[in-house]
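Colleague: I would like to learn how to read a protein model. Could we go through one together?

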Amino acid sequence: SMLMRMYCRFAEGKGYKVKTVDILDGEEAGVKNVTLLLEGPYAYGYLRGESGVHRLVRISPFDANKRRHTSFASVDVIPEVKEEIEIKLEDKDMRIDTYRSSGAGGQNVQKLDTAIRITHLPTGIVVQCQNERSQYQNKQTALNILKARLYELERKAQEEKLKSQYAKKEKIEWGSQIRSYVMHPYSMVKDHRSEYETGNVQAIMDGEIDKFIEAYLRMRKKHA
């Protein structure tokens with residue numbers, strides 16, 4: 001629940017819309033699992049680096065003996081995939097060839113170059129149509145087939161992107177954390193990738209994580 005609050009406060013500070021899609025309370029207290037939808041400019045770009053295991057060290061408010069407890073939380077950040085994938089076909093990306101149909105359709109089909117072959121240059125996809133009676137009809141049919149194939153290609157690419165993100169997901173255990181939030185016996189928040197750290201834990205819990213995000217993005221750019 002502390003990380004949930006942190007990200008909600010960060011989003012509110014950026015002017016993002018925050019929607020709780022799903023939430024499951026913990027068995028005794030807190031939150032076991034939550035899905036948040038954040039909408040706003042560059043939301044995914046800013047927060048994609050938050051994916052990973054986060055480690056929290058504190059005196060548990062649920063321990064009567066006031067002992068120090070270490071807990072782990074896994075954060076996943078994925079872009080929202082729109083169901084409708086817009087496919088734009090530009091003339092510069094296509095080579096259109098005409099040829100004489102070899103199929104049925106009468107003498108006109110045999111004598112005129114009514115068949116159409118379209119090559120999509122960026123992907124190498126080739127579609128052709130010769131079943132219609134006119135070149136225009138064959139072209140429209142071929143364009144529709146090309147759009148369908150490009151749609152399927154993009155859909156599979158999005159699926160693979162999501163699979164690769166989950167394949168990189170670390171186990172929730174010691175040594176796999178990307179960031180530690182230590183509240184006892186001292187105060188420190190440290191990102192183990194960029195090495196950026198601060199002693200102002202409360203500010204971080206209040207959503208002021210911009211410097212951590214910036215440090216991570218600079219590190220990625222440096223090693224790109």
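Modeller: Happily; we will take this predicted model feature by feature, starting with charged side chains.

Colleague: What is the idea behind a salt bridge, and how many does a search of the whole structure find?

Modeller: The general idea is that side chains of opposite charge can pair when their charged atoms come close. In this structure, the search of the whole model finds 11 salt bridges. One of them is formed by R5 and D206, with the closest N and O atoms 3.0 Å apart. R5 lies in helix α1 (residues 2-14) and D206 in the loop between α5 (201-205) and α6 (210-223), so this pair ties together parts that are 201 residues apart in sequence.

Colleague: Are the two partners buried or exposed, or something in between?

Modeller: Something in between. R5 is partly exposed, with a relative accessible area of 37%, and D206 is partly exposed too, with a value of 24%. The cut-off helps here: a residue counts as buried under 20% and as exposed over 50%.

Colleague: Which residue forms a salt bridge with D113?

Modeller: That partner is R100, and the closest N and O atoms are 3.9 Å apart. The pair links distant parts of the chain: D113 sits in the loop between α3 (107-111) and β6 (115-120), while R100 sits in the loop between β5 and α3, 13 residues apart. D113 is partly exposed at 37% relative accessible area, and R100 is partly exposed at 49%.

Colleague: Which side chain meets D191 in a salt bridge?

Modeller: The side chain of R193 does, with 2.8 Å from N to O. Look at the accessibility of each partner: D191 is buried, at 0%, whereas R193 is partly exposed, at 23%. Salt bridges can also share partners, and here they join E50, R179, D191 and R193 into one network.

Colleague: Now the cysteines. How many disulfides does the count come to?

Modeller: A disulfide needs a pair of cysteine sulfur atoms within 2.5 Å. By this rule the count comes to 0 disulfides. Two cysteines you can look up are C8 and C129: C8 counts as buried at 15% relative accessibility, and C129 is buried at 6%.

Colleague: Let us turn to the backbone. Which peptide bond is cis?

Modeller: The bond from H184 to P185 is cis, with omega near 10 degrees. To place this bond in the fold, find P185 in the loop between β8 (177-182) and β9 (188-191).

Colleague: And phi? Where is Y42 found, and what is its phi?

Modeller: Y42 has a positive phi of about 60 degrees although it is not a glycine. Y42 is found in the loop between β2 (31-39) and α2 (43-47), and this residue is exposed, with a relative accessible area of 66%. E195 is another residue other than glycine with a positive phi, near 70 degrees. You will find E195 in the loop between β9 and β10 (197-198), where this residue is partly exposed at 47%.

Colleague: One last feature: how far apart are the C-alpha atoms of E80 and E39?

Modeller: Those C-alpha atoms are separated by 9.4 Å, and the two residues are 41 residues apart along the chain. E80 lies in the loop between β4 (68-75) and β5 (94-99). At 48% relative accessibility, E80 counts as partly exposed.

Colleague: Thank you, I will look for each of these in the structure.

Terms used:
Residues numbered from 1 in each chain as written. Predicted model: local features only at pLDDT ≥ 70, side-chain atom pairs only at ≥ 80, totals over all residues. Heavy atoms only, no water. Helix = DSSP H or I, 4+ residues; strand = E, 2+ residues; numbered from the N terminus. Buried < 20%, exposed > 50% of the residue type's maximum accessible area, 1.4 Å probe, protein only. Salt bridge = Lys/Arg side-chain N within 4 Å of Asp/Glu carboxyl O.
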